[in-house]
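Reader: I'd like to practise reading helix packing, burial and backbone angles on a real example. Could you walk me through one?

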Amino acid sequence: MTLLLFLAILDGLAYAAQVFMVAVGLTLIFGVLRILNVAHGSFFAIGGYVAATLGTWAATTALAPALALPALLLAAVLVGGVLGPVIERLILSRIYVKEHVLQLLVTFALFMILEDIQKLTWGVQPIFQDAPVRVLGQVEVGDIIYTAYQLYLLPGVALATLLGLMWFLRRTLTGRVIVAVTEDREAATAMGIDANRVYLLTFTFGTVLAALGGALASPTTSLVPGVGVNMIVLSFAVVATAGLGQIEGAMLTALLIGLGRSVAVYFAPEFEVVIPYLIMVAVLLVRPHGLFGRPELRRV
Amino acid sequence: MDRRLALPAFAGAALVIALAASAPWLKFVFTIALAKGLAVTGILLLLRAGQVSFGHALYIAVGAYTVAFTRPHVGEMLLLLPLAAAAGTIVGLAVGLFVARYRDIFFGMLNLAFSMVFYSLLEKLYEYTKGTDGIRVARPTIAGMALERVDYEWTMLIGGIALALALGWLASRFLASPLGQALPAIKTRETRLEFAGISAKRVLLVAYVISAALAGLGGGIIACTTLHVTPLLSYWTHSGELVFIAILGGGGSVLGPYLGAIVYELVRVYAAAAFPDGWQMILGAVLLLIILFAARGLWGIYEDLVLRKGRRA
Amino acid sequence: MTAPLLSAKGLKIAFGGVKAADGIDLDIAPGEFVAIIGPNGAGKTTFINMTTGYLRPQAGHIHFDGAEITGLPPRSIVRRGIARSFQIPQLFTEHTVIENVALKVAAHGRFWRGLRPLLDAETATTAMRLLEQFGLADVATARATELNEGTRKLTDIAMAMALKPRVLLMDEPTSGVASSEKFGIMDTLVAALRAEGVTAVFVEHDMEVVERYADRVAVWSQGKILAAGPPATVLADPAVLREVIGVETKHAHA
């Protein structure tokens, strides 16, 4: 029992780390662009697929073990660096001034397109590439043998992302510009800030984070059609529970939801998928704008 | 219903019957299309309020599984379908009390989340739902008559058309009533409703429950037509399909959903078979094109071609 | 003296460090027309927002017809008989003028009942009568977005009147209106309000309008009432002139 609970906690931490990578991009993009990108989960899935493909290719080269981990990062940068700017410039930039409902529909349409691109490119059979996990080997934690990849690397990357992001937004010029646009778009534009560049940069960066989340998840989960949709609803649950636009809060709720889910996996597997949403609904019933969110002032 | 709607509605109904008589397999396709048209009418009400639900397949599945679960005890379609609509109403009220507090992003995504939770429960609670195998539904009697397959299919189609006409008329009345006319205010600035002494949340809740009831009824008809229900009914792709049909048909008229649904189902029969893994991609691309370039959908095109021209003449 | 219909006691609210209401006491008798004047940022609109439930005062009480209404949501306050109009008219932009008024007529009556069209014979008649009272019959079928500012203001007030209020709070009924039109608009709406026996409070910048139409003037300054009384007395007070009119003259030419 205790052993199972301990295992559930370790799993939960690793899982929360993956979800956080996706959720933080979603919430950052929302904070700046005021668009909730329904296709964000697809970046997670495509990041995973590209990482698995790159990993399989890397395994055939002479530098096989050494390339396994860099391949993950490369996959994320490739996916985010290509898809992010293309989608932001070609599609999103046309809808910033449109009604909310149209913005949602457009990103939903993108989501439909990207889901099938995965099926057409990688097929519908599960894909699995665990070279990065094997490279790092296993460690003993008490009575449990656990992979170093899930124990150290995943939470480490998530924590580094959170700290790096906080540092970036508070201490660097570009970061402060992004924050300025988040807080008051009109005033920021009036001060001569190029909002379009900020949008492009933020969207691309958020996309890279989602793809990195997918790349990091790929060695421990098999990729099948539908991972993208599961991830968008889950990361939305994380972001909504924290409050839209809340970055530090998203880490906390990712932990809450990640742990809740993995405990369910061990003790009530039928309800694995339900737990995260129960947590979300419970929080939203008490705090309609999330744990850390503030209500937007209604206009008279 | 005014003449500009009644005429195309009855002409469309006659055309559907004529086509179904000439190609027997179309009876099935059209019945499913009409059932989806009912659900899409609900989506249209929500779109009037500027809200989009990415989870209304939930209510289709609720209606369909209600039929599947009660069919062993209830053999009569005239009881099964009201039960399906009632189940949709009850679940819609429970979920609606929660989601009607939200707008835009939250509204869309919370609906998606609820439908995906329901999907996973249908899949995992094998003991009750038979998981992905789904449940077979024995053909029910209609008004006490046990019909042969061809007669049954005809009755379903004619009944579906009658329901669509009746509910389309009711929907147009609803949209013209004060409550229906208040929906657009939620889209632009809902505090105006509050200052008129009206709760915007309650306005949205009423529209939401109606949309859930319509989708529940549509799900019931789907179960009675396909005679087999699976968890896939509540999967996100089906919710997306409803939104797609609503946009394809166009939000300008209560006939839009049926026009959209019939065109969609006809194309799907051929195209989805030809591109099984690329179907969502095609839908997504067409959806983008409609939103960016023909926002009033097929009904808008019909208006431009027929009604405007008629008025000028 | 008759009991006040609307009574504010010790209302306080601050935004950040700015005190928009710092102990407001104001009693309004049935049938009175009270003008609120004062420089921009003095808290005039904030008073309307607190009275209509859009803002909850941090201290103090508001009574209407003897009952406390402090902090009630806007829609319950409307239902009790306090309506408002806005500095920027809040029309339903998707609808025509008569539909706008009809929506409020229906909101006051049969909103949740039945599937009769918005513009059924009864509602259309009531709406049309209101439009005639406000001289808006000619624009009944115009879209709300096609109107000039004066007509929009009158429509907004006609809509508020459709709720059959006992008190109407108007936020700058003549701002943005051409000066040649302002008396015409005020004549129309004051006649309509008097005919229905409605008590009115209006925020106003134009001293000519205040002198001509108000029974009483209350002068706002930094969240406090500086002076209140008949226009002739108050507007002759040197302190008021210094505080308000100096700013006002500038404002009127801006």
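Reader: At what angle do helix H3 (residues 97-108) and helix H5 (residues 149-162) of chain C pack, and how far apart are their axes?

Author: One thing up front: this is a predicted model. For a helix pair, start with the angle and the axis separation. Here H3(C) and H5(C) pack at about 20°, and their axes lie 8 Å apart. Angles under 35 degrees count as roughly parallel, so H3(C) is roughly parallel to H5(C).

Reader: Which hand does the crossing of H3(C) and H5(C) have, left or right?

Author: Right-handed: that is how H3(C) passes H5(C).

Reader: And which residues of H3(C) and H5(C) meet?

Author: From H3(C) come C:Val97, C:Asn100, C:Val101, C:Lys104, C:Val105 and C:His108, and they meet C:Thr155, C:Ala158, C:Met159 and C:Ala162 of H5(C). Sorted by type, the contact of H3(C) with H5(C) has 6 nonpolar, 3 polar and 1 charged residues.

Reader: Let's try a pair from two chains. How do helix H4 (residues 100-122) of chain A and helix H11 (residues 236-249) of chain B pack?

Author: Same reading order. The angle between H4(A) and H11(B) is about 130°, with the axes 12 Å apart. Roughly perpendicular stops at 115 and roughly antiparallel needs over 145, so H4(A) is oblique to H11(B). The crossing of H4(A) past H11(B) is left-handed.

Reader: What residues make the contact between H4(A) and H11(B)?

Author: On the H4(A) side, A:Leu105, A:Phe108, A:Phe111, A:Met112 and A:Glu115; on the H11(B) side, B:Trp236, B:Gly240, B:Val243 and B:Ile247. By type, the contact of H4(A) with H11(B) comprises 7 nonpolar, 1 polar and 1 charged.

Reader: How many residues of H11(B) are buried?

Author: To read burial, look at relative accessible area: under 20% is buried. In H11(B), 13 of the 14 residues are buried, so this helix is largely enclosed by the rest of the structure. You can check its length as well: at 1.5 Å a residue, the 14 residues of H11(B) should span 20 Å, and the end C-alpha atoms are indeed 20 Å apart. Just after H11(B) comes B:Gly250, with a positive phi of about 100°.

Reader: What does the span check give for helix H1 (residues 3-22) of chain B?

Author: Agreement again: the 20 residues of H1(B) should span 28 Å, and the end C-alpha atoms are 28 Å apart. As for burial in H1(B), the buried residues are B:Leu5, B:Ala6, B:Pro8, B:Ala9, B:Ala13, B:Val16 and B:Ala20.

Reader: Back to phi. What is the phi of B:Lys130, a residue other than glycine?

Author: Near 60°, so positive. B:Lys130 sits in the loop between helix H6 (126-129) and strand E1 (135-136) of chain B. With 40% relative accessibility, B:Lys130 counts as partly exposed.

Reader: And where is C:Gln222 found?

Author: C:Gln222 is in the loop between strand E9 (216-221) and strand E10 (224-229) of chain C. Its phi is near 50°, again a positive value in a residue other than glycine. C:Gln222 has a relative accessible area of 63%, so it is exposed.

Reader: One last residue: is A:Glu183 buried or exposed?

Author: Exposed, since the relative accessible area of A:Glu183 is 66% and the cut-off is over 50%. A:Glu183 belongs to helix H7 (residues 173-183) of chain A. Its C-alpha atom is 41 Å from that of A:Leu120, with the two positions 63 residues apart along the chain counted as separation.

Conventions: Residues numbered from 1 in each chain as written. Chains lettered and ligands numbered in written order. Predicted model: local features only at pLDDT ≥ 70, side-chain atom pairs only at ≥ 80, totals over all residues. Heavy atoms only, no water. Axes fitted to C-alpha atoms, helices over the stretch in contact; angles between N-to-C directions. Helix = DSSP H or I, 4+ residues; strand = E, 2+ residues; numbered from the N terminus. Parallel < 35°, antiparallel > 145°, perpendicular 65-115°, else oblique. Left-handed = near helix turned anticlockwise from the far one by under 90°. Contact = heavy atoms within 4.5 Å. Nonpolar A, V, L, I, M, F, W, Y, C, P; charged D, E, K, R; others polar. Expected span 1.5 Å × (residues − 1). Buried < 20%, exposed > 50% of the residue type's maximum accessible area, 1.4 Å probe, protein only.
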